[in-house]
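Visitor: I would like a close look at one part of this model. Please take one strand, go through its neighbours, and then place it in the wider picture.

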Amino acid sequence: MSEKLHAMSAAPGLTLSRLRAPRLGLCLLLLAYLLGSWTVARSGLDVQSLVLVAAIFGILAISLDLVAGMLGLYSLGQGGFFGIGAYLTAIAVNDLGASPFLLLPVVLVVSGAAGILIGAMSLRVSGLYFAITTFIFTLVLTVLATDLQITGGTQGLLGPSFPDLPEMLSFLGAPVAWCILLALLLIVALIWSLRRSPLYPVLLAIRDAEPFAEAAGVRTAALKIGVFGISAAMAGLAGWLFSFMGVVSPGQFDWSVSLNILVMLLVGGINTTLGPLLGAAFVSMFPAIVNINPWLQEIIYGALSICAITFFPAGVVGLILRRLQGARSAAHVESEAAPGTAAPPRVARDGAEIAIECRAVDFGYAVGPRVLRKVDLSVRRGHIHGLIGPNGSGKSTLANVIAGRLHPSSGEILMNGRSVHGVSPSGRARLGMRRTFQAAQLVRELSAGQNVSVGLHTQIPHLFRRAPVWPFLPSARADIASLNHRSAEALRAVDAGAWVDRHIADVPHGIEQLTQLAAVCVAAPDIIILDEPATGLSRREVDHLAEILSALKAEGVTMIIIEHQTRFLLPLCDQVTVLNAGEVIVTATADEVRAHPVVRQVYLGEQ
Amino acid sequence: MLQFLLSGVAIGAVYGLIGMALAISFYVTRVINFAQGQIMMIAMMLTATAASAGLPPLVAVFLGLLGAVLIAVLSYYVAVKPILAVNRLGFGWLVSTLGFAVIVENAAALLWGPTSRPFPQMLNGISLHLGQAVLTGQQLLSILVAVILAGLFEAVRRYTLFGKLGVAIAADPEMASAVGANTSLVAVVAFAISGLFAGIAGILIGPNTFANPYLGHTYGIFGFIAMMIGGGTEKPVAAMFGGILLGVLAEGANTLIDSQASDWFPFVVLVIILIVSPRGLFSGGGGWDALRRRLMPAVRDAA
């Protein structure tokens, strides 16, 4: 089977060729959009308000897609941020006579800061509780808007009017229409670029495989809060735009609006560029198009949203994309020889002779017996250190404690002679410690190559600043080429080169293991922790894995390997530690361990 | 003082029942049924209609509760089960249960018209004097019914096999179904019970609010707050404590701050509580319990 796969050549150039997508088509699309905007700006008020409200909801739906689609954070706070933007503008212009344009940065900062605050507060609770916290935020804002004097109660406030264009530009039509439609264009371009940047796999990794992202050095918490802040600022922008559309009142921002934005997103297609726009257009134009008894209309709306979510859970655009992808995956993408830059030389840390040291590490959960008891372990630089023991002996727990995912209840971990107490998993990864997981943690909807590239994200200069305009940057080409090249190389090095463009959802278990290993190796770390790397590999693949690990050792990499297949592990090891019931039984060379009477008894099963 | 405490407990008992209704369905399916308030409203509308058609109040109440239970079970089959079948951990139910709520509310408005209908007065005519405070019979009934239902629910959850099945499914649905639990049946029963609780809440406040298709919205939100304050997402009965706390706070705010204060005061409390203890006050492991353990180390050892 493996031979056949080798026949298929690797194709690292998928992202690259997409980058060279016909610029002409893009320009034509842009021209069509501008012509459409011009038409809207010159058309009657009813058509104008229909399109413009849909466009504003389009921005809101995109702002939700940014957090829900890419990070898995289902925010019900978009209505709240939307309200902050609209009320802030209406109050400041009406009461203080501020200029709307000078207000825009204020609105972005205030709503963004609100988002960062809510994000930081609800980060300790994830998933459903994030949705609930943001829901309550919207609830409270609506109540405040209804009961406060300054917001005009249930009546609301009259929004400001948009400044007129100078006389000579009046042929352009209504300026507010241009403002809204150009803002939408800007937001769409922003998200479109983000999807094509190397930040996108990183965000999806946070969504689907957070431990993997952390182990690759991604500051997941900061990134989540930051992206949520940006999403909130976008919703604030939508509110700023909305205030020019007439009255600003509590009903326009209450929790059902937040939920409707989610309906738009899910109906149109989550995590797609066009889906949120289609959904927003459908939901906001629905009442105007289906002009019947308002109650009946609402009933139909409810029924349609249930049907949509039941029968097309990926949304309309998602459905179409899946069809297209099915057709495209048959055609194989040709390999492109990318002029990759060489991997940076491994940082030779000459300082400490001991790479990893555990001093009297204790760990226990709130209930049950302690999992680790006074574990002492020291791993010499450049050694392969085996960690064996029966199931439940605490091997993976020890790996998690060393990698920073679990905090020891007492004791100390030293990395290169320095205590890493309080350093997060991503911080330890940035210090040069990478790891794999027993159950592979990867993003199923990305290709193996993209998953590997997550491991490289720390090495792309100014990634966060560049991601929003990525495809427009000349320097991005070289970066993408080198990124793809190095990811493909890393996969080839672990003998999984043929799988570069396959989605992880479609690869066998062994390839997932190898992809994890490639994602670790690609970053050229100097300490690697492998948790059962040989699981699910064929005999031949295990032999190859042993060669890879020996090669890494020759480069001076320090490794801690947990493994049950002692026939594979022991010949590689300089030192082996045997754990049983959370205690170190012995640390010695492989031969001594094999001969050790207690080890033979507890691990190899001799009487 | 006594007056707002008593009437606060009475209205809080109703919030608590709705909160428990939300929590019971959440407990088994990990889904917040946004249609819970509308299910309560259906019970009120049916009871009001049956009573004005000349049926005896008890029969009218029975019909109302039956309707609520049926709608609740329907909501499971329409808005929850198909969604969870696709993706058990997704958030599609946010959309589908809201869609169901929209359908029920507008269907009721279409059917009965958007105006309020008279509701049987039940025990509202009786007034009981306790010192300086006055309590209507209906208020006393609310407190009694809520206490009995909460106690009964907790007893069933803890001591019967069916209740333990619910606990098992709440903890790990896949494991529970692997050892032979009929997760779908338990979920249906949980939704039926939640419909019953919501319906009873509706019958208890009906004499004061009358029956109106749009009541579900407000009371659904108050039930939600009760659940969140109490920590009903972890333990349904905690929602009852949350509801009573909410009721007392709202009535107290009206008496001590101003007559509009119950509109915003509970939300402020909710925010403060969730900042201090995101999992609610009475859920165990959260705020109240942690405080108790800190103050009384002996409790921890006993547990």
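Guide: What follows starts with one strand of chain A and then moves outward. Keep in mind that this is a predicted model.

The strand is β9 of chain A, residues 527-531. Is β9(A) enclosed or open to the outside? Count the buried residues. The result is 5 of 5, so β9(A) is largely enclosed by the rest of the structure. The cut-off behind that call is 20 or more other C-beta atoms within 10 Å of a residue's own.

Now look at the two faces. In a regular strand, side chains alternate between the two faces of the sheet. Here Ile527(A), Ile529(A) and Asp531(A) point one way from β9(A). Ile528(A) and Leu530(A) point the other way. Both sets are buried, and Asp531(A) is among the buried residues.

Next, the partners. Strands of a sheet pair through backbone hydrogen bonds, either parallel or antiparallel. Which strands pair with β9(A)? One is β8(A), residues 433-435. It runs parallel to β9(A), and 3 bridges join the two. Another is β10(A), residues 558-562. That pairing is also in the parallel sense, over 5 bridges.

Ile527(A) is a good residue to fix on. Opposite it stands Met433(A). In β10(A), its bridge partner is Thr558(A). So to follow this part by eye, begin at Ile527(A), a buried residue of β9(A), and look across to Met433(A). Then return to Ile527(A) and look to Thr558(A) in β10(A).

How does the chain get from β9(A) to β10(A)? Helix α22(A), residues 539-554, is part of the answer. β9(A), α22(A) and β10(A) make a right-handed β-α-β unit.

Now the setting. The domain assignment of chain A gives domain 1 as 29-253 and domain 2 as 354-602. The centres of these two domains are 41 Å apart, taken over C-alpha atoms. They do touch: 23 residues of domain 1 are in contact with 32 residues of domain 2. On the domain 1 side, α8 (175-196), α9 (199-208) and α10 (210-215) of chain A each supply at least two residues. α9(A) gives the most to that side, with 6 residues. By type, the domain 1 side divides into 15 nonpolar, 4 polar and 4 charged residues.

Other strands of chain A pair in the antiparallel sense. β11(A), residues 575-580, and β12(A), residues 583-588, do so over 5 bridges. Val576(A) has Ala588(A) as its bridge partner in β12(A). The two strands form a hairpin with 2 residues between them. Ala581(A) sits in the turn and has a positive phi of about 50 degrees.

There is also an open sheet of 4 strands in chain A, in the order β4-β3-β6-β7. Its pairing is antiparallel. β4 (372-380) and β7 (418-419) of chain A stand at the edges, each with a single partner strand, so one side of each is left without a neighbour in the sheet. For β7(A), follow the pairing with β6(A), residues 410-415. The two are joined by 2 bridges. Leu414(A) has Ser419(A) as its bridge partner in β7(A).

Step out to the chain contact. 30 residues of chain A are in contact with 31 residues of chain B. On the chain A side, α7 (128-147), α12 (255-268) and α14 (294-311) each supply at least two residues. α14(A) gives the most, with 11 residues. That side of chain A divides into 23 nonpolar, 4 polar and 3 charged residues.

Finally, chain B. It has 13 helices and 2 strands. Its radius of gyration is 19 Å, close to the 19 Å that the globule rule gives for 303 residues, so chain B is as compact as a globular protein of that length. Its C-alpha atoms fill a box of roughly 50 × 45 × 35 Å along the principal axes. Buried residues make up 54% of chain B. Of its contacts between residues at least 6 apart in sequence, 71% join residues at least 24 apart.

One strand residue of chain B can be set against β9(A). His129(B) lies in β1(B), residues 127-130. This histidine is exposed, with 8 other C-beta atoms within 10 Å. The residues of β9(A), by contrast, are buried.

Definitions and conventions:
Residues are numbered from 1 along each chain as its sequence is written. Chains are lettered from A and ligands numbered from 1 in the order in which they are written. This is a predicted model: local features need pLDDT of at least 70, side-chain atom pairs count only at pLDDT 80 or more; totals for chains, interfaces and linings use all residues. Two residues are in contact if their C-beta atoms, placed from the backbone, lie within 7 Å. Ala, Val, Leu, Ile, Met, Phe, Trp, Tyr, Cys and Pro count as nonpolar, Asp, Glu, Lys and Arg as charged, and the others, Gly among them, as polar. The radius of gyration is taken over C-alpha atoms; the globule rule is 2.2 Å times the number of residues to the power 0.38. A residue is buried if 20 or more other C-beta atoms lie within 10 Å of its own, exposed if 12 or fewer, and partly exposed in between; C-beta atoms are placed from the backbone. Domain bounds come from an automatic or database domain assignment. Two strands pair if DSSP finds at least two bridges between them. A crossover is right-handed if, with the strands pointing away from the viewer, the path from the first strand over the helix to the second runs clockwise.
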